[in-house]
Amino acid sequence: MSTPWAELLSRPAEEAAWDMLGCTIVVRDEAGAVAIRLTEVEAYSGELDPGSHAYRGQTARTAPMFGAGGRLYVYFTYGMHWCSNIVCGRPGSASALLLRGGEVVRGIDLARSRRRAARSDRDLARGPARLAQALGLTGQDSGRELAVGGRAELELAPPPRRADVRTGPRVGLTGPGGDGTTFPWRFWIDGDPTVSTYRPGVRRHRRRT
DNA sequence: GTTTTGATCCGCT
DNA sequence: GCGGATCAAAACT
């Protein structure tokens, strides 16, 4: 069986990223559907990538990453947030794209109801945990195959011009080979307002008492 | 836990 | 009202 996105998602995440920007992910449930046009993603790729959850091998949590491209990988982090990925590449390659930011293009009322704290529509899916929450994705969806007409699917779009795509270090990686600059695999659409704010190394002041 | 989010403050138009 | 800057708190694995 095949899907419209099978070829695209069989490529390594850092290659697929260029064509994933501008595509729309749709997630449906009883309450309706929310569709988000992707404006910012981050690639993670298997064994050679110290920043990847798959770097130290397969676990129950990361098992979906080791499957074939075309499924979701959703993980829980910092005791509070869900982050969603689309698995890319060949089976066993453990390559995935973290969805970091996007624009809600359909189902905006449903997205608003899930994201009560959003100050404006721009903030509905600006940031990886916000995006996952706007879509209603949790760990229960980890491993789920994208399917035409299914709970989750992808709508392809013409890729943005390369000149409109910026790349840079990924967020939150430290240590040798994993400092984010070895693999500058953060991709975003230049100037798009729904790209998340990146605040590197912000110095926190100890609260004065 | 050096990330993410939300609340808050503040300047801008 | 919008949005940048700053600060504090932290579901559900």
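Two residues count as in contact when heavy atoms of one lie within 4.5 Å of heavy atoms of the other. With that cut-off in hand, start with the whole of chain A: among its contacts with a separation of 6 or more, 61% are between residues 24 or more positions apart. Keep in mind throughout that this is a predicted model.

**Stop 1: the whole chain**

Switch to a cartoon view and colour by secondary structure. Chain A shows four helices and eight strands. Follow them from the N terminus and the order reads α-α-β-β-β-β-β-α-α-β-β-β. Now add a surface. About 11000 Å² of chain A is accessible, and carbon and sulfur atoms supply 50% of that area. Of the 209 residues, 47% count as buried.

**Stop 2: the nonpolar cores**

Hide the surface and select Leu 9, Met 20, Ile 25, Ile 36, Ile 86 and Leu 154. These are the residues with the most contacts inside the largest nonpolar core, a set of 40 residues. Centre the view on Ile 86. Which residues is Ile 86 in contact with, leaving aside its neighbours within four places in sequence? Three of the core residues you have just selected, Leu 9, Met 20 and Ile 25, are on the list, and so is Leu 154. The others are Arg 71, Leu 72, Ala 96, Leu 97, Leu 99 and Leu 146.

Next, select Met 65, Phe 66, Tyr 75 and Val 87. They belong to another core, of 11 residues, which lies apart from the largest one.

**Stop 3: Ser 95**

Two members of that second core, Met 65 and Val 87, also lead you to Ser 95, which touches both of them. Ser 95 sits in strand β5 and counts as buried, at 1% relative accessibility. Show its side chain together with that of Ser 45: a polar contact of 3.1 Å joins the two. Beyond four places in sequence, the residues that Ser 95 touches also include Pro 12, Ala 13, Glu 14, Tyr 44 and Cys 88.

**Stop 4: helix α4**

Move on to residues 128–135, which form helix α4, and highlight its buried residues: Pro 128, Leu 131, Ala 132, Ala 134 and Leu 135. Look down the axis, and you will find these residues on the same side of α4, because they cover an arc of only 160° around it. What do the buried residues of α4 pack against? Four strands take part, namely β1 (24–29), β2 (32–45), β4 (81–88) and β5 (95–106), along with helix α3 (108–114). Before leaving, step just past the end of the helix to Gly 136, where phi is positive, at about 80°.

**Stop 5: a salt bridge between β2 and β5**

Side chains of opposite charge can pair when their charged atoms come close. Searching the whole structure turns up 19 salt bridges. Begin with Glu 103 and Arg 37, whose side chains meet at 2.9 Å, N to O. Glu 103 is in strand β5 and Arg 37 in strand β2, so this pair links parts of the chain 66 residues apart. Both partners are partly exposed: Glu 103 has a relative accessible area of 33%, and Arg 37 one of 22%.

**Stop 6: the network around Glu 40**

Now select Glu 40 and Arg 100, which form another salt bridge, with 3.0 Å from N to O. This pair also links strand β2, home of Glu 40, with strand β5, home of Arg 100, across 60 residues. Are these two residues buried or exposed? Both are buried, and for Glu 40 the relative accessible area is 0%.

Add Arg 186 to the selection. Its side chain meets that of Glu 40 in a salt bridge of 2.8 Å, N to O. Arg 186 lies in strand β8 (residues 186–189) and Glu 40 in β2, so the bridge ties together parts 146 residues apart in sequence. Arg 186 is buried too, with a relative accessible area of 5%. Bring in Glu 42 as well: salt bridges with shared partners join Glu 40, Glu 42, Arg 100 and Arg 186 into one network.

**Stop 7: Ser 196**

For the last stop, stay with Arg 100 and show Ser 196, which is found in the segment after β8. The side chains of Ser 196 and Arg 100 are joined by a polar contact of 3.2 Å. Ser 196 counts as buried, at 9% relative accessibility. Not counting residues up to four places away in sequence, Ser 196 touches three members of the network, Glu 40, Arg 100 and Arg 186, as well as Arg 126 and Gly 127.

How values were computed:
Residues numbered from 1 in each chain as written. Chains lettered and ligands numbered in written order. Predicted model: local features only at pLDDT ≥ 70, side-chain atom pairs only at ≥ 80, totals over all residues. Heavy atoms only, no water. Buried < 20%, exposed > 50% of the residue type's maximum accessible area, 1.4 Å probe, protein only. Helix = DSSP H or I, 4+ residues; strand = E, 2+ residues; numbered from the N terminus. Arc of directions from axis to C-beta. Areas by Shrake-Rupley, 256 points an atom, 1.4 Å probe, with all protein chains shown as cover. Core = buried A, V, L, I, M, F, W, Y, C linked by side-chain atoms within 4.5 Å. Polar contact = N/O pair within 3.5 Å; in protein donor to acceptor, adjacent residues only side chain to side chain.
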